[in-house]
Amino acid sequence: MIRQKKYRYAGIILLASAMVGCNIPSLVDKKDITPPPARYSQAIESDSANIATLQWKEFFKDSYLVALIDTALKN
């Protein structure tokens, strides 16, 4: 008798949680989208130093990491 009540309550809880969890999400209203600016910053275009111009041995300063990368590249 007690076991049947436990199963009944467990079933009701599972059914209620399934009904709450499986609802249709509400639609979101689209807001007016403003276009991005043509340029974000003048500093980006005037700066010519970037990571692509550096050698990897110059970029990584740790000697152990440089040795590990060098070993990986050789193998």
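**Figure 1. One aromatic pair turns up in a search of the whole structure.** The ring centres of F59 and F60 lie 5.0 Å apart, and their planes meet at 80°, so the pair is edge-to-face. An angle over 60 degrees is what earns that label. A pair of aromatic rings is described by two things: the distance of the centres and the angle of the planes. The model shown here is predicted. F59 is partly exposed, with a relative accessible area of 40%. F60 is also partly exposed, at 29%.

**Figure 2. I51, L54 and F59 make a nonpolar surface patch.** The patch covers about 290 Å². F59 appears here as well as in the aromatic pair with F60. Where does I51 lie? I51 sits in the loop between helix 2 (42–46) and helix 3 (56–59). Is I51 buried or exposed? I51 counts as exposed, because its relative accessibility is 55% and the cut-off for exposed is over 50%.

**Figure 3. D70 and K74 form a salt bridge.** A search of the whole structure finds one such bridge. The closest N and O atoms of D70 and K74 are 3.6 Å apart. That counts as a salt bridge because the cut-off is within 4 Å. Both residues belong to helix 4 (residues 63–74). They are four residues apart there, so about one helical turn separates D70 from K74. D70 is partly exposed, with a relative accessible area of 25%. K74 is exposed, at 66%.

**Figure 4. Helix 1 spans residues 2–21.** This helix has 20 residues. From its first C-alpha to its last, helix 1 reaches 28 Å. That is close to the 28 Å expected at 1.5 Å a residue. How many of its 20 residues are buried? The count is zero, and helix 1 is hardly covered.

**Figure 5. The chain has four helices and zero strands.** Read along the sequence, the pattern is α-α-α-α. Buried residues make up 1% of the 75 residues in the chain. The chain exposes about 8,000 Å². Carbon and sulfur atoms supply 62% of that area.

**Figure 6. Confidence in the predicted model varies along the chain.** The average pLDDT of the chain is 80. Of the residues, 87% score at least 70. Which helix has the lowest confidence, and which the highest? Helix 2 is lowest, at a mean of 56. Helix 4 is highest, at 92. Helix 4 is also the home of the D70 and K74 pair.

Note on methods:
Residues are numbered from 1 along each chain as its sequence is written. This is a predicted model: local features need pLDDT of at least 70, side-chain atom pairs count only at pLDDT 80 or more; totals for chains, interfaces and linings use all residues. Side-chain values use heavy atoms; hydrogens and water are left out. Rings of Phe, Tyr and Trp (its six-membered ring) pair if their centres lie within 6.5 Å; planes under 30 degrees apart count as stacked, over 60 as edge-to-face and the rest as tilted. Buried means under 20% relative accessible area, exposed over 50%, partly exposed in between (1.4 Å probe, protein chains only). Helices (H or I, at least four residues) and strands (E, at least two) are DSSP runs, numbered from the N terminus. Accessible areas come from the Shrake-Rupley method with a 1.4 Å probe; for residues, only the protein chains shown count as cover. Patches are made of residues with over 30% relative accessible area and no salt bridge: like charges are joined within 9 Å, nonpolar side chains (Val, Leu, Ile, Met, Phe, Trp, Tyr) within 5 Å. A salt bridge is a side-chain nitrogen of Lys or Arg within 4 Å of a carboxyl oxygen of Asp or Glu. The expected span of a helix is 1.5 Å times one less than its number of residues. pLDDT is the predictor's confidence in each residue, from 0 to 100.
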